[in-house]
Amino acid sequence: MAPETARNTAGVEVRLEDLSRRYGTVVALDQLNLTLGPGELVALLGPSGCGKTTALRLVAGLEEANGGRVVFGGKDVTDLPASKRDVGMVFQAYSLFPHMTAIQNVAFGLQLRRKTPAERRRRAGEMLELVGLSGFADRYASQLSGGQQQRVALARALAIEPTVLLLDEPLSALDAKVRSRLRDEIRRVQLDVGITTLFVTHDQEEALAIADRVGVMQAGHLEQLGPPTEVYSRPATPFVAEFVGLTNRMPGTVRNGVVEVRGTDLALVQPDVANGPAMALVRPEAVSLTADGGLGDGPLVGTVIAVAFLGATSRVTVDLGDLTVLAQMPTSQAADSPAGTRVRLALRPDPVLIQREETTPTAS
Amino acid sequence: MRRLSLSWLGALPFFVYVGLFLLLPTAIIVVGSFTAPGGGFTLANFSGIDKPFMVRAFTTSLSVSAVSAVAGAVLGAILAYAVVTGRPDGMLRRTIMSASGVLAQFGGVALAFAFIATISTVGFVYIFLQQHGIDIYPKGVWLYEPPGVTLIYLYFQIPLMLLVFLPALDGIKPQWREATQSLGGTTWHYWRYVAGPLLAPAFLGCTLLLFANAFSAYATIAALLTNGGPYVPLQIQALLTSESEQTQPGLAQGLAFAMIVIVVIVMTLYALLQRRTSRWLQ
Amino acid sequence: MNRSQRIKLRIFRIVVLVLMGAFFLLPIGAMLEFSTRGNSVDAPRTLAAWTQIAQDPPLLKAIGVSVQLAIITSLGMLVLLLPTMVWIRLRLPRLRRIIEFICLLPLTVPAIALVVGLKPLYVWININVTPSVQALAFAYLILVLPYSYRALDAGLAAIDLKTLSEAARSLGAGWFTVMLRIVVPNMPSAILNAMLLSVALVLGEYTVANLLNFQNLQVAIAYLELVNAGTSIAVAVAALLLAFILLMVLTLVGGRLQQQHYIPGQRT
């Protein structure tokens, strides 16, 4: 459920019940159930074709469901067309009307609602101020950068005081630096307005950074729904573990509720796993290394073959002979082990997921 | 400096050629239309234009061009919309596009014959309708009159409209319709406030192009109206092929110059509208 | 878009396409019908008008003339235009706008008007150079300029001409080699496009030939109409179908060449 934080919740609860959508014989969305608390921001995350965009478009009313309901604040809107649903929508890109200025774009929804010109101007001006573009009111889309265009699109979506805000990969067409700034900006505005928001993305970093809860989707259904920290640190399925963050696949043996990986016993996330060989999914942050002389040999001793500097942290690639393992650590630590160093790895005893060949999820 | 002049040499053949066969003839027209028979500047060559049959030639040419341009633009835009709502890489679209490429160029002798074979009094469709009690010529044969010429021109105007207007329609993004919907707009609102204003410059520009196209056309009416008719190109033909050139040597140049001026004005407006369109609908 | 809107759109499309199809196919069908008529109302269908084509020396001569003109014009266009456009792009980029303006100029000078200016020129050519009909190619090269320019320009825009030619020249190639071995092989569909457009235009040209008193295909057809309408319509429809086939081939082959050369590995 939504976290009970003290926040401005003008928003309403949004429920998706058994929502299904087929295209011919392809099932794009398979009985999806999802409830967004008032004012909550839920990010749907998954690879392309997983059904996340379909879910968003069904909520928007841009497509018709084959089954199930969409409920806004207790009111069933399943049969309402998009124009009657009061949703604010921000598209991937190029959604601003090119023959209107920024402020005309923002005021357009108000014009359709027959607001007076004075009121339109006031409200549109406020919205542009909210997204920090007061000085750009009279620019056309072609005179705005990609990031500015998306801000105007956000202002336009919010100007009509919608019940729900829907964001369809709004950052994916922008370059990296603009992306992270605008991401934080969207979150600030969303908290400010307190609107219930569904955010669709294929970028896990984006989803983890912005959302109250993240829903990881695959093949038309939710694999896991939970707060970002939970999805990251306790993935419910191997698919989630592999899709969210980087993962080392290390062969091991399950024995009585623990998995033994190269001499280290690790607890299991999944209970009741039959004994036998399995792949353990180990996060790079759970791998640490010590560089000493005279390490001798051992299952976890290897050679550093590459160090990737990522800023505050660094990612070290270690060759164990039959296996390559990634370890992530503060850059100051990684500096002790340049490429060529002999190192001994240690695995933090966090619970891990295991994967067996027969349960390997196939790419859909 | 030596390199520069060598560079210019590379483009010389082209400039010499277009100078001889494009710029020189144009200059002959422009200069000739202002030159008196004995040399020296004159406006007398244009005085022939105000004779009643010349005025009629201009009004007929202009009105047939205008009507066929507007009708061709409307029908061509409707066809373009029907094409653009289909699969973008579908066989239907590719077939229609390449057929239009041929038909848009299909002015001239064959086109006139095609309509003679279709709806003249010996034509297939005329005879068929006649046998079923429908007379398409209750008040006389209009095939050789302006309405008939307009109809025939539609045969290349509609495909031309399809070719030049389709890129604009392709530039309309589905997000704009969806954004309008989510902002509370109906289909009417979408066409009234979004698609309509966005397409208007392109539509207007393409209509102007069609106008210039019809106004410049000569071969079709020449083949259709073997005895001449009230059209500017046929007046030029008459002047070029008859002895009357001896009596009015500058009039053909004057008419040609007037045609060029009209087409240049129309095409300039077209280019300006195209520029706006390309800014909106890339 | 909901279900009823989709159905409405589908009905709209079918109605439009059927009506337009009828408008565009009827005249062509009528030409075929007309050209196979017998001598009297009840006479059976006959191909007499079509077989007449082969027995009409002036017509055959005119067909030969138009084919020659088409070949001369399209080759002449390539020789004149392609090296100039390449040269301009590489060495004189400042002139690009001027060349474009000149090449598109014939669109704003109606052929019927241009003839007025060409007439004195051709009187001179007749006397001092050659009285032969092939001289028409001089004028035709001007008429095909806008279409050829656009086709070639699209082709040149799709290749990185500067890098390619610099690479070739650093390997010791001269300008001639660059043109023939680098530029031409890299834009086959654009060149084919430009040539076929020129061919189609020349085969259909009537205005200039008629008013400069030359006998090409279209002038012959127009004249024949007065004598033997069936045969003239048979030739006209044959020429039209030929143009169709040429341009259909162009669309199909062009599409394939395009894929092979410019966007390798792209999903289709």
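Which residue of β8(A) does A:Leu45 stand opposite? In this predicted model, the partner is A:Thr201. Let's start with the strand that A:Leu45 sits in, then work through the other chains.

## A buried strand in chain A

Strand β3 of chain A covers residues 41-45, and five of its five residues are buried, so the rest of the structure largely encloses it. Both of its faces are covered. On one side you'll find A:Leu41, A:Ala43 and A:Leu45, and on the other A:Val42 and A:Leu44.

What does β3(A) pair with? One partner is strand β8 (residues 196-201) of chain A, which runs parallel to β3(A) and is joined to it by five bridges. That's where A:Leu45 faces A:Thr201. Strand β9 (residues 213-218) of chain A also pairs with β3(A) in the parallel sense, this time over four bridges. Here A:Leu44 stands opposite A:Gly215. As background, strands of a sheet pair through backbone hydrogen bonds, either parallel or antiparallel.

## An antiparallel sheet in chain A

Further along chain A there's an open sheet of five strands, in the order β15-β19-β16-β17-β18, with antiparallel pairing. Its edge strands are β15 (287-290) and β18 (324-330), each of which pairs on one side only. On average, neighbouring strands in this sheet are turned by 45 degrees against each other, direction ignored.

Take the pairing at the β18(A) end as an example. Strand β17 (residues 313-319) of chain A and β18(A) run antiparallel and are joined by seven bridges. Within that pairing, A:Ser314 has A:Met329 of β18(A) as its bridge partner.

## Chain B: helices and no strands

Chain B has 12 helices and zero strands, so to speak a run of α after α when you read along the sequence. Its C-alpha atoms fill a box of roughly 75 × 75 × 30 Å, taken along the principal axes. Of its 282 residues, 46% count as buried. If you look at contacts between residues at least 6 apart in sequence, 77% join residues at least 24 apart.

One helix pair makes a handy close-up. Helix α10 (residues 232-241) and helix α12 (residues 251-280) of chain B pack at an angle of about 155 degrees, with their axes 9 Å apart. With an angle over 145 degrees counting as roughly antiparallel, α10(B) and α12(B) are therefore roughly antiparallel to each other. The crossing of α10(B) past α12(B) is left-handed. From α10(B), the contact uses B:Val232, B:Gln235, B:Ile236, B:Leu239 and B:Leu240, while α12(B) brings B:Leu251, B:Ala252, B:Leu255, B:Ala256 and B:Met259. By class, that makes nine nonpolar, one polar and no charged residues.

## Where chain B meets its neighbours

How many residues of chain B and chain A take part in their contact? There are 17 from chain B and 19 from chain A. On the chain B side, α7 (174-182), α8 (187-216) and α12 are the elements that give two or more residues. Helix α7(B) gives the most, with six. The side of chain B that touches chain A is a mix by class: seven nonpolar, seven polar and three charged residues.

The contact of chain B with chain C takes 55 residues from chain B and 62 from chain C. Helices that each supply at least two residues on the chain B side include α1 (2-33), α2 (52-84), α3 (91-104), α10 and α12. The top contributor is α1(B), with 14 residues. By class, the side of chain B that touches chain C has 40 nonpolar, 14 polar and one charged residues.

## Two spots in chain C

Helix α11 of chain C (residues 217-227) has eight of its 11 residues buried, so the rest of the structure largely encloses it. Among those buried residues are C:Leu217, C:Val219, C:Ile221 and C:Glu225.

Now for C:Ile125, which is found in helix α5 (residues 111-128) of chain C. Is C:Ile125 buried or partly exposed? It counts as partly exposed, because it has 17 C-beta neighbours inside 10 Å, and a buried residue needs 20 or more. Leaving aside neighbours within four places in sequence, C:Ile125 is in contact with C:Thr130 and C:Ala135. C:Ala135 is 10 residues away along the chain, and the C-alpha atoms of C:Ile125 and C:Ala135 are separated by 8.1 Å.

Notes:
Residues numbered from 1 in each chain as written. Chains lettered and ligands numbered in written order. Predicted model: local features only at pLDDT ≥ 70, side-chain atom pairs only at ≥ 80, totals over all residues. Buried ≥ 20, exposed ≤ 12 C-beta atoms within 10 Å, placed from the backbone. Contact = placed C-beta atoms within 7 Å. Axes fitted to C-alpha atoms, helices over the stretch in contact; angles between N-to-C directions. Parallel < 35°, antiparallel > 145°, perpendicular 65-115°, else oblique. Left-handed = near helix turned anticlockwise from the far one by under 90°. Nonpolar A, V, L, I, M, F, W, Y, C, P; charged D, E, K, R; others polar. Pairing = 2+ DSSP bridges.
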